[in-house]
Amino acid sequence: MGSQKKIVCIGAGYVGGPTMAVIAYKNPTSVVTVVDINQERIDAWNSDTLPVYEPGLDDIIKKVRGKNLFFSTDVDKAIEENDIIFIAVNTPTKDYGVGKNMAADLQHWEAIARQIRNVAKSDKIIVEKSTLPVKTAETMEIILNTGSDVNFEVTSNPEFLAEGTAIRDLIEPDRVLIGSRETDSGQKARNELIEIYSAWVPKEKIITTNTFSSELSKLVSNAFLAQRVSSINAISAICEVTGADVQEVSQAVGADSRIGSKFLNASVGFGGSCFRKDLLNLVYICHMHHLHEAATYFENIINMNHYQMQRFVDNVIRSMFNTVAGRKICMFGCAFKANTDDVRDSPAIPIAQTLIAEKARLVISDPKAMDNMNEVLGKPQNVSFIDDPYEAAKDSHAILIITEWPEFSSLDYQKLFDVMVKPAYLFDGRNMINRKACYEIGFNVNSIGKEALIH
Ligand code: NAD
Ligand code: UGA
């Protein structure tokens with residue numbers, strides 16, 4: 001018999017939905033409710049078309065929804081009825097006021113703290129699932145415990161899942177991190193969380209720390225991952241002008257077990273809703289503590305990323321005789337990475353916007369993310385979205401590979417070449433194609449971090 005806990009998660013997004021689905025699945029005797037103020041999202045979670053695309057998610061949802069996993073918009077009721085409250089609301093970069101374009105916007109967070117304080121009638125364990133500035137737990141405790149008879153124990157349990165592999169990451173995590181106070185009630189809260197995760201995560205993978213170490217570790221993890229991508233992208237620029245091959249360099253460097261081989265794929269730049277946001281968050285924290293050199297260090301990871309995206313699209317324009325006006329350009333992929341429909345902060349956005357500003361006619365093909373991309377671009381007239389890559393490439397002057405969807409490497413490039421305007425260009429932003437074969441077909445091939453192959 002497993003534990004019988006009453007768990008709620010506030011925020012039914014990319015994190016709240018999948019995370020709670022796995023917790024419910026692995027803790028069948030506990031009851032898990034996910035609430036959100038967004039009615040449309042909750043309706044989608046209760047339908048056959050889930051609001052986020054994630055491989056394996058549908059199967060798990062089908063197994064638990066209506067049994068011990070429920071989706072609702074009644075936030076007050078859920079706060080009142082449950083003992084453990086995970087909070088997985090969005091914490092975007094502030095776009096107004098003090099700390100604009102850098103600090104985390106904690107308005108949703110603060111609103112929830114007040115709502116919990118006003119509604120709760122019994123003791124609660126509060127779990128920070130969102131990514132937050134270090135010491136947010138302290139602020140949260142002040143808001144919650146001012147003028148309330150109820151005991152609120154604030155813990156930190158950041159989420160490390162990556163989109164596209166969320167279910168695998170949740171089921172087989174590298175680690176689960178739980179930060180809490182060392183007081184009696186802090187330890188009790190920590191044990192409750194350990195019990196939930198022990199249902200499937202080996203004990204040695206559950207790391208416990210103080211609350212602030214846990215909060216900071218999440219920001220640092222993303223900063224380190226982003227730093228690796230920016231480092232290899234900086235190297236890709238050197239490779240392109242020296243005759244070195246970035247994939248060979250990655251392999252050689254990554255073979256050193258102290259460095260490791262993961263996250264060394266040169267690309268059009270990193271995207272996603274978190275790397276830039278969390279780096280900016282870290283930069284802001286550094287400035288707040290007058291650690292300006294540390295701030296500059298982390299800021300340069302973002303600067304390098306902007307440079308890489310710009311470098312890619314500048315190269316497209318330059319290679320095509322400095323004008324793409326009126327020419328049809330085909331983008332393969334717009335999701336920020338493969339296996340997701342998410343386009344938040346996708347490199348595809350600034351690349352598309354630059355080409356639109358240059359008056360190119362864009363055709364975008366992506367297996368999952370086209371609707372989101374159309375929305376983000378503001379449904380412009382000179383951009384069309386076509387499922388079939390061969391249809392998309394018809395009469396185009398160039399193909400740009402932006403997202404590493406595996407299907408793009410197995411396309412028939414001869415067939416694509418045949419329907420394109422000549423000279424036909426191929427810009428591989430993910431190093432996925434057999435570039436030599438494509439060159440022999442007739443393409444002018446530009447690959448990230450490799451010398452161009454031009455006829
Ligand atoms: P999201 O935007 O997909 O979902 C957040 C949800 O919170 C939205 O549906 C929103 O309506 C809801 N919400 C906001 N205010 C609310 C309120 N007052 N009451 C109820 N619901 C409210 O965001 P996400 O991608 O799931 O990210 C959530 C957090 O997790 C962020 O802090 C993010 O940094 C972190 N994170 C995200 C990922 C990821 O892969 N997306 C991974 C790890 C951590
Ligand atoms: C990232 C982290 O990997 C997660 O651990 C973290 O929980 C999450 O952020 C978060 O906090 O939101 P995610 O952004 O979903 O996950 O995806 P990643 O696999 O990290 O990829 C991020 C970006 O880097 C993508 O655009 C990807 O294409 C790019 N990337 C990644 C490269 O360009 N090269 C690489 O070698 C790896």
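Serine 217 is found in helix H9 of this predicted model. The residue is classed as partly exposed because 19 other C-beta atoms lie within 10 Å, whereas a buried residue requires 20 or more. Along the chain, serine 217 and glycine 326 are 109 residues apart, and their C-alpha atoms are separated by 48 Å.

Helix H9, which spans residues 211–242, also contributes to a ligand site: with 3 residues, this helix provides the largest share of the shell around ligand 2. In total, 20 residues surround ligand 2, and the closest are Asn265, Ser267, Phe270, Gly272 and Cys274. The composition of this shell is 11 nonpolar, 6 polar and 3 charged residues. Ligand 2 lies between domain 1 (6–201) and domain 2 (243–455), because both domains give residues to the shell around it.

The division of the protein into these two parts, domain 1 (6–201) and domain 2 (243–455), can be described further through their separation and their contacts. The centres of domain 1 and domain 2, taken over C-alpha atoms, are separated by 33 Å. Contacts between the domains involve 14 residues of domain 1 and 16 residues of domain 2. On the side of domain 1 that touches domain 2, 9 residues are nonpolar, 4 are polar and 1 is charged.

A second ligand site was also examined. Ligand 1 is surrounded by 26 residues, of which Gly11, Gly13, Val15, Ser130 and Thr131 are the closest. Sorted by class, the shell around ligand 1 comprises 12 nonpolar, 10 polar and 4 charged residues. Helix H5 (residues 107–119) gives the most to this shell, supplying 3 residues.

Helix H5 is also part of a right-handed β-α-β unit, together with strands E4 and E5. Strand E4 (residues 84–87) pairs with E5 in the parallel sense, over 4 bridges. Within this pairing, isoleucine 87 stands opposite glutamate 128 of E5. Glutamate 128 is among the buried residues of E5, on the side that also carries Lys124 and Ile126. The other side of the strand presents Ile125 and Val127, which are buried as well, and both faces of E5 are thus covered. Strand E5 is largely enclosed by the rest of the structure, because 5 of its 5 residues are buried.

Strand E5 (residues 124–128) additionally pairs with E6 in the parallel sense, over 5 bridges. Two positions illustrate the register of these strands. Isoleucine 125 has glutamate 153 in E6 as its bridge partner, and valine 127 stands opposite threonine 155 in E6. A further right-handed β-α-β unit is made by E5, helix H6 (residues 136–145) and E6.

Strand E6 (residues 152–156) is mostly covered, with 5 of its 5 residues buried. Phe152, Val154 and Ser156 point one way from this strand, whereas Glu153 and Thr155 point the other way; all of them are buried. The residues paired with E5 in the positions named above, glutamate 153 and threonine 155, thus belong to one and the same side of E6.

Definitions and conventions: Residues numbered from 1 in each chain as written. Chains lettered and ligands numbered in written order. Predicted model: local features only at pLDDT ≥ 70, side-chain atom pairs only at ≥ 80, totals over all residues. Near = placed C-beta within 6 Å. Nonpolar A, V, L, I, M, F, W, Y, C, P; charged D, E, K, R; others polar. Domains from an automatic or database assignment. Contact = placed C-beta atoms within 7 Å. Buried ≥ 20, exposed ≤ 12 C-beta atoms within 10 Å, placed from the backbone. Pairing = 2+ DSSP bridges. Right-handed = clockwise from strand over helix to strand, strands pointing away.
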